[in-house]
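Work through the exercises below with the sequence and the model at hand. Each task is followed by a solution in steps.

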Amino acid sequence: MLTKRIIPCLDIKNGRTVKGVNFVDLRDAGDPVELAAIYAEKGADELVFLDISATEERRKTLADLVRRVAEKVNIPFTVGGGISSIEDVNILLKNGADKVSVNSSAVKRPELINELVAKFGSQCIVVAIDAKKIGENWKVHLVGGKVPTDVDLFEWAEEVEKRGAGEILFTSMDHDGTKNGFANEALAQLSESLKIPIIASGGAGNMQHFVDTFVDGKADAALAASVFHFKEIEIADLKETLKLNNIPVRI
Amino acid sequence: MKIVIIDYGAGNIQSIRFALARLGYDAVLSHSAEEIRQADKVIFPGVGEASSAMQKLRSSGLDSLIPDLKQPVLGICLGMQLMCNFSEEGNTDGLGIFDVNVVRFNGNVKVPQIGWNQISSLKTELFRDIPEQQYIYLVHSYYAPLCQDTIAESDYSLRYSAALGKDNFYGTQFHPEKSSTVGAEILKNFIERT
């Protein structure tokens, strides 16, 4: 049986992890490679690296990091952040990334999805969507959720699937950072109307939130950052809890 | 031990090299017929779309070279699918090593299947000492149905071939290079036991 995936997310700036991490067993808390290896060992099913650097050397720094992660880590990982061209993706995949995620660049120029899918295949193209509920409607936001657009979440998600993306990573800006649980209503609507897998992101605060997003939100995978980095939730405990709730997980 | 990974422009092949390096083996990326023929083990990777991948194999003559190889060959993911008779993806003929046609998932499930699933009914040296029901990582929209060459099964709305084997040819639908320690054991078996 296909299992539900637990995905820690690491924010990266200039080749280093950004948000503080509270791992006493880490020699260097800022080293994404070491952190990734520990998560792989602890039972993470996948990893996501989100690059937020804005320097001129970012492409090369990120490629180097991807290579070092791929050398060390034996589970799949996705790289996102500022990807806007075939060449960006080519460099990351060549250095060992399994998937890439595109976000704002795809909203600005949706054909990018088709181009990437044609060149690299659906299986490695994740489209990340940040959205926020404005009135009764979920609206897509750009630049890490800062800039609102008129694009409707569900219409955009449908288009993303039609254009060939392999997966959608949906972050609710209303839930992100709140630790009050995932946006399960919107997630369930996405999951039921689309055929491709949906990764839930934004709002994880405790283990019940993960149970809820798999049961009520019908998510295929759940992503979180700080609850893992600060050891508020251990992946092994989380998976035991999910299993007790009859949610299939890899243990 | 000379291990060659066939390089025909198929996506993420570094991961396979790195996985072998973690086991202590160097592998060479090559598209040279000469070099591939002389290898002790050949790995045939592949991600992307079936008909365009076949096109690349044909234009480089690899489509006639691969089925003729006598040493152990391991196809991974799309590599395995291309070793079959035919694929529904782009309606393309394959290399005809495994006598089965690759078709698209069509049940009440998410497509592509992405994530960790279990393997069972394990056969051949490729799975020596691998317990049943271990988890492996897959990403695919098309699958090979169960057939005479099935050497591992998995379940996704139906039972399908998680791996195929025939004579010196092996293929895994899953990514052993991304399947944690279980995947590493399977790669090790391919190198040391086939």
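**Exercise 1. Determine the area buried between chain B and chain A, and find which residues of chain B supply most of it.**

Step 1. About 2,600 Å² is buried between chain B and chain A, with carbon and sulfur atoms giving 53%; buried area is the accessible area (1.4 Å probe) that two parts lose on being put together, summed over both.

Step 2. Of the area that chain B buries against chain A, 27% is supplied by B:Lys110, B:Ile114 and B:Trp116, more than by any other three residues.

Step 3. Conventions: this is a predicted model, in which local features need pLDDT of at least 70, side-chain atom pairs count only at pLDDT 80 or more, and totals for chains, interfaces and linings use all residues. Residues are numbered from 1 along each chain as its sequence is written, chains are lettered from A and ligands numbered from 1 in the order in which they are written, and side-chain values use heavy atoms, with hydrogens and water left out.

**Exercise 2. Describe the contact between the chains by residues, polar pairs and elements.**

Step 1. Chain B contributes 29 residues and chain A 37 residues to the contact (heavy atoms within 4.5 Å).

Step 2. Between chain B and chain A, 17 residue pairs are in polar contact, both residues at pLDDT 80 or more. A polar contact is a pair of N or O atoms within 3.5 Å; within protein, one must be able to donate a hydrogen and the other to accept it, and residues adjacent in sequence count only if both atoms are side-chain atoms.

Step 3. On the side of chain B that touches chain A, two or more residues each come from helix 1 (14-22), strand 8 (113-119), strand 9 (134-140) and helix 6 (180-193) of chain B. Helices (H or I, at least four residues) and strands (E, at least two) are DSSP runs, numbered from the N terminus. Strand 8 of chain B gives the largest share, 6 residues.

**Exercise 3. Locate salt bridges across the interface and within chain A.**

Step 1. A salt bridge is a side-chain nitrogen of Lys or Arg within 4 Å of a carboxyl oxygen of Asp or Glu. The whole structure has 24 over all chains, and 2 cross the interface of chain B and chain A.

Step 2. B:Lys110 pairs with A:Asp220 in a salt bridge at 2.6 Å, N to O.

Step 3. Within chain A, the closest N and O atoms of the salt bridge between A:Arg5 and A:Glu46 are 2.6 Å apart. This pair links distant parts of the chain, 41 residues apart: A:Arg5 is in strand 1 (residues 5-13), and A:Glu46 is in the loop between helix 1 (32-42) and strand 3 (47-51) of chain A.
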